[in-house]
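Me: Please take a close look at one enclosed part of this model and at the surroundings it packs against. I would like a connected account rather than a list.

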Amino acid sequence: MNIYIRSTACISPQHTFDAGPKPVAPPPAAGPTVIPVEYTGTRLTCIEPEYKNLLDPKLIRRMSRIIKMGVAAATACLQEAGKQLPDAIVTGTAYGCIEDTVLFLTSLIERKEEMLQPATFIQSTHNTVGAQIALMLQCTGYNNTFVHRGFSFEHALLDAIMLLQEGEAANVLVGGLDEITDTSHALLTRFGLYRRSPVSNLALYTGRPKGTIAGEGAAFFLLTSRPERSDYARLEAVTSFYKPVDNAEVERQILSFLAANSIDRDSIDLIITGANGDYKGDAIYRHLESGIFNGKPLTPYKHLCGEYPTSAAFALWMAADRIRKGARRILIYNHYLSVHHSLFLLSAVQTP
Amino acid sequence: MKVISPVAIAGAGLISSIGRNSTECLSALEMGHAGIGEISWLDTAHRQKIPVAEVKYSNAQLGEMAGCGGAGAGGAGAGGAGAGGGDAGVVSRTALLSLIAAKEALDSAAIPGWAGLRTGFVSANTVGGMDRTENFFAGFLSDAQSGRLREVNQHECGYVTEWVADQLGIRHFQTTISTACSSSANAIGFAARLIRNGILDVAVAGGTDALTKFTLNGFNALMILDPEFCKPFDNDRKGLNLGEGAGYLVLVSEKVAATLPSAPLCMLSGYANANAAYHQTASSPDGRGSWLAMTTAIDRSGLSPADIDYINLHGTGTQNNDLAEGTAIRRLFDPAYPKMSSTKSFTGHTLGASGGIEAVFSVLAVQHGIVYPNLRFRTPMTELPFIPETRFLKDQPIRHVLSNSFGFGGNCSSLVFSKAQR
């Protein structure tokens, strides 16, 4: 597949957007590129940039946090590519704009459906971030938003890839984003998603605990169909699969994904996994580590960004960054709550 | 502009305020019976004040119709906790409407062995399980530990799609699109591309939305609800009526189409998605987004505006929407206008379902050679040189139908349906 990541920007609970503290020694090839920020609790919150450096202050005032993070990441991504206007904009978000949704819902209950202001309703629609980016850029091209739980980002990517392959677009801005709010954190905690007691994200994978930590983020990518020397990586393939019945089906899916793309396992430098510290949910990663991934360097990523339905966008950012810093081929395997499984394959760009 | 190859449509299904299947809806359209009226199911302070187009059945009755009366939901909930083991009373109305319409679509397509093919479910919605969430939330606001979790675990738009796909037995591919009022037009367009790109053999595509306090109050706060029955494209229009329902098409690859005993209902020959990039909620006065969507969809189908025999208008009935759409139509079609009407004068504006429901109406228009009336039209808009069709017309030579869906966020999409050549 001839799809290239021209540029990327990621706002996350780590210093992925601003420079952050520098590592004391240069990172080894395919090694960590930032010093992890430590959090103690059950929720990681994004380190937000100075928006006024990127966005019109008049716009910022009206935007909720997720909209600001999305629009800022999109802006920075385009700036890095030196691109004013993408041909298309596709976003993936499982929860959409929860903050505005909860605000409007709360006011309609508290005011008993009388005298409501429409502002939060207007900004609660799931396509708000994609629409705001289009509005800011005056981009009248293709604009779509996927809201399918743990596949939201994967399907946004699939749409972008098809647009490039169809020749409908020469470049597509694609992003995955979700926010965690007090309300959604409280509710998802009741669902049993997160740990019941505070934990350090840097000790997320120790012991045999139940539950993970909440996370959030906004990562954007400018994808193109023609390689350039400055590209981060080539996106070789992406796939997703739903509710595999057992470990064997996951293995079959991974092996057939590699075979379909004629990938020799030996050529993979690094496997990024979606392990999230929930002992039960991580069983599949342990199974693969002693099975078909045996002998391969594996690294998790959710201690850095927390668990959320579009976290694969963070993993893709991380993989692209490491490829640019020297890794040759990276496989990402993630599952969200054992229901939504996805695979991404990236490699170094070969320019003519 | 590149012309794209058409995709065959093998089945269609819908439920709306004017009927629980295609046959009932078609008969209401012919009789001129709108589905708009007083609120009877939605538990809201606006009862007897704001008219809506409700589907005329309780959730329990919809559960029976969907064939899941006692089966309940399972499996797909957040944290693995499904709506589980319960009654249809716990399943989101959005999901029940979706299942009923999607089943009709699949049954009507009668594709032999579809479960063994690469079948996908591409569904759109804007509210997800908000009908359950908003009830849960009142208690939750006073006590964060109160309320049954199975009321709120259906909140995500994607949950609704997943639950319905599980009920239908579609496991290979499923996704949810949400671009406000253009959502299900984009679902149908995306599904066609999945087939054209060889990713799916069969796709059930469209959308669903139930009426909720959330949307009713949102549109009420925006002051774009007509306190009476809406009058799309009338000079004295005062706003829209909200509605609910679901509509789906079954799209099939050429290979699958060739195995079917009968010819396709029609073809999806064009699709375009554009953004007005003008305002978060308002349409630009010149209708640039609408114009771009229509002209691109027609170009991609290899047709010219003169080939379009009927336009199923977005036609919400708000001052701003109809003027923008009408201005774009004048720019594209003047001086020869095709027949056109807004079926929202029957079904109300069903938001994320509207593109799906109106796609089914468009397919039926091509299939049966009919044009639907635009109800309650009296006075032409001063700004426009054309008027919508006000009669139900039969035996029309309908070869190509344009269906418009424009939404918040400037998301504008158009679909072109054409008579099958077989």
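Reply: A helix here is a DSSP run of H or I that covers at least four residues, and helices are numbered from the N terminus. The model is predicted, and the part I have chosen is helix 8 of chain B, which spans residues 213-221. Eight of its nine residues are buried, so this helix is largely enclosed by the rest of the structure. The buried residues are B:Lys213, B:Phe214, B:Thr215, B:Leu216, B:Asn217, B:Gly218, B:Phe219 and B:Ala221, with buried standing for under 20% relative accessible area. After the helix comes B:Met223, which has a positive phi, near 60 degrees.

As for what encloses the helix, its buried residues pack against helix 4 (130-142) of chain B and, from the other chain, against helix 3 and helix 4 of chain A. This leads to the interface as a whole, where 62 residues of chain A are in contact with 75 residues of chain B. The area buried between the two chains is about 5,700 Å², and carbon and sulfur atoms give 59% of that area. On the side of chain A, the three residues A:Arg149, A:Arg190 and A:Phe191 supply 15% of the area that this chain buries against chain B, more than any other three residues.

One of these, A:Arg149, also takes part in a salt bridge with B:Glu162, in which the side chains meet at 2.9 Å, N to O. The count of salt bridges between chain A and chain B is seven, and the rule finds 35 residue pairs in polar contact across the interface, both residues being at pLDDT 80 or more.

Several elements of chain A each supply at least two residues to the side that touches chain B: helix 3 (98-110), helix 4 (119-122), helix 5 (128-137), strand 4 (142-146), helix 6 (152-166) and helix 7 (182-190). Helix 3 of chain A gives the most, with seven residues, and it is also one of the elements against which the buried residues of helix 8 of chain B pack. By class, the side of chain A that touches chain B has 32 nonpolar, 20 polar and ten charged residues. Helix 8 of chain B, with eight of its nine residues buried, is thus best viewed together with helix 3 and helix 4 of chain A and helix 4 of chain B, against which its buried residues pack.

How values were computed: Residues numbered from 1 in each chain as written. Chains lettered and ligands numbered in written order. Predicted model: local features only at pLDDT ≥ 70, side-chain atom pairs only at ≥ 80, totals over all residues. Heavy atoms only, no water. Contact = heavy atoms within 4.5 Å. Buried area = accessible area lost by both parts, 1.4 Å probe. Salt bridge = Lys/Arg side-chain N within 4 Å of Asp/Glu carboxyl O. Polar contact = N/O pair within 3.5 Å; in protein donor to acceptor, adjacent residues only side chain to side chain. Nonpolar A, V, L, I, M, F, W, Y, C, P; charged D, E, K, R; others polar. Buried < 20%, exposed > 50% of the residue type's maximum accessible area, 1.4 Å probe, protein only.
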